[in-house]
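Good morning, colleagues. I would like to begin with the packing of two helices and then turn to the DNA.

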There are 2 protein chains.
Amino acid sequence: MKRDSRLSNILHALLHMAEHETRHGAPMTSDMLATCLSTNPVVVRRTMAGLREQGLVASEKGHGGGWRLARPLDQVTLGQVNLALGEPGLFPETPPVEADGCLVEAAVNDALAETYAAARALLVARLNDITLADLAADFSRRMAAHPERDRLHAHHGKA
Amino acid sequence: MKRDSRLSNILHALLHMAEHETRHGAPMTSDMLATCLSTNPVVVRRTMAGLREQGLVASEKGHGGGWRLARPLDQVTLGQVNLALGEPGLFPETPPVEADGCLVEAAVNDALAETYAAARALLVARLNDITLADLAADFSRRMAAHPERDRLHAHHGKA
DNA sequence: CAGTCACGTAACAATTGAAGTTACATGAAA
DNA sequence: TTTCATGTAACTTCAATTGTTACGTGACTG
């Protein structure tokens, strides 16, 4: 998990999970996902725990256990995933303080709060407009345009 | 400089600088600003150095020296200030990598890049629409609504 | 009923980036 | 020439995230 954005990585993982599930009929383990994301299993579990709380994924223990999507691809929006991740790195929260009497500060904070809120609203709206199914479809389109070889896992694994 | 956002603090400082300048005809020193922002002078200089490079403020050494705005209030936009600060905490940069062959990753990154770009564009547009003069005017309006006592520096200084 | 697999979680170490600090150099005014 | 103030480099905290180890629980296998 180098310098990538959280959301980007998790989406990547979710799509691979869906793929794997339909292809092998079995969920992916934390270890598989960790290898896939270049991180370690505990971090995967931590992150996935957030998604599970939002009902996006489910986990199973024991033999044949692992992670699977809890809903069809077209019923999970990027906004939901982003929310489950705690809306990472969005905006500097304009401090709710402003209470200590400086009217300069109050004017500044109000203006910024409004501005950030507008940008955040747009972002959330757009994220909620895109489902995992959309991304999968986009992927298929690209796959069709580059059929010459397997372009799915070229960079996963270590060898 | 506690848990506040960079931009918010600097705007606060800039408005106080303008105030001070017109009131006393002298620039504010890094020490004054440091006290005002609850930080220390070196941090102030570091930050202001960025603004100076963008031509927003000017510094003078020696006796009577310090920091002053390099332009009238209505010719400095919040966007310019934000830019000078390096656009802190905006969005997770969608990685430009995508080159290593995974089409899933490519699809994800493209979708996110588009979405973030749209939100960022809105944010920048709004910030460029607000000038320091607007904030000062807003402040004056609030001042008029609360004339009972000095509501300017209530929380500055230590005693 | 072991034995193994995989998640769940707490506790701790490593890393990273920002902020604070010290120290010293440079330029300007008194 | 002394004092004030910025300019900057180098170092130290400090906080947040991430990585790691360790151990517990549930589930399937044989």
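**Helix packing and DNA surface**

α6(A) and α5(B) are oblique to each other, because angles under 35 degrees count as roughly parallel, over 145 as roughly antiparallel, 65 to 115 as roughly perpendicular and the rest as oblique. Helices here are DSSP runs (H or I, at least four residues) and strands likewise (E, at least two), numbered from the N terminus. This is a predicted model, in which local features need pLDDT of at least 70, side-chain atom pairs count only at pLDDT 80 or more, and totals for chains, interfaces and linings use all residues. Residues are numbered from 1 along each chain as its sequence is written, chains are lettered from A and ligands numbered from 1 in the order in which they are written, and side-chain values use heavy atoms, with hydrogens and water left out.

The axes of α6 (residues 132-145) of chain A and α5 (residues 103-128) of chain B, lines fitted to C-alpha atoms over the stretch in contact, come within 9 Å and cross at roughly 125 degrees, on a scale from 0 to 180 degrees between N-to-C directions.

Let us now consider the DNA. Near DNA strand C (a heavy atom within 4 Å) there are 23 residues, and the closest include A:Ser30 and A:Arg52. The largest share of this surface, four residues, comes from α3(A).

Which kind of atom does B:Arg46 approach? A polar side-chain atom of B:Arg46 lies 2.7 Å from a base nitrogen of DNA strand C. B:Thr39, by contrast, places a polar side-chain atom 2.7 Å from a phosphate oxygen, and for B:Asn40 the distance to a phosphate oxygen is 3.3 Å.

How values were computed
A polar contact is a pair of N or O atoms within 3.5 Å; within protein, one must be able to donate a hydrogen and the other to accept it, and residues adjacent in sequence count only if both atoms are side-chain atoms.
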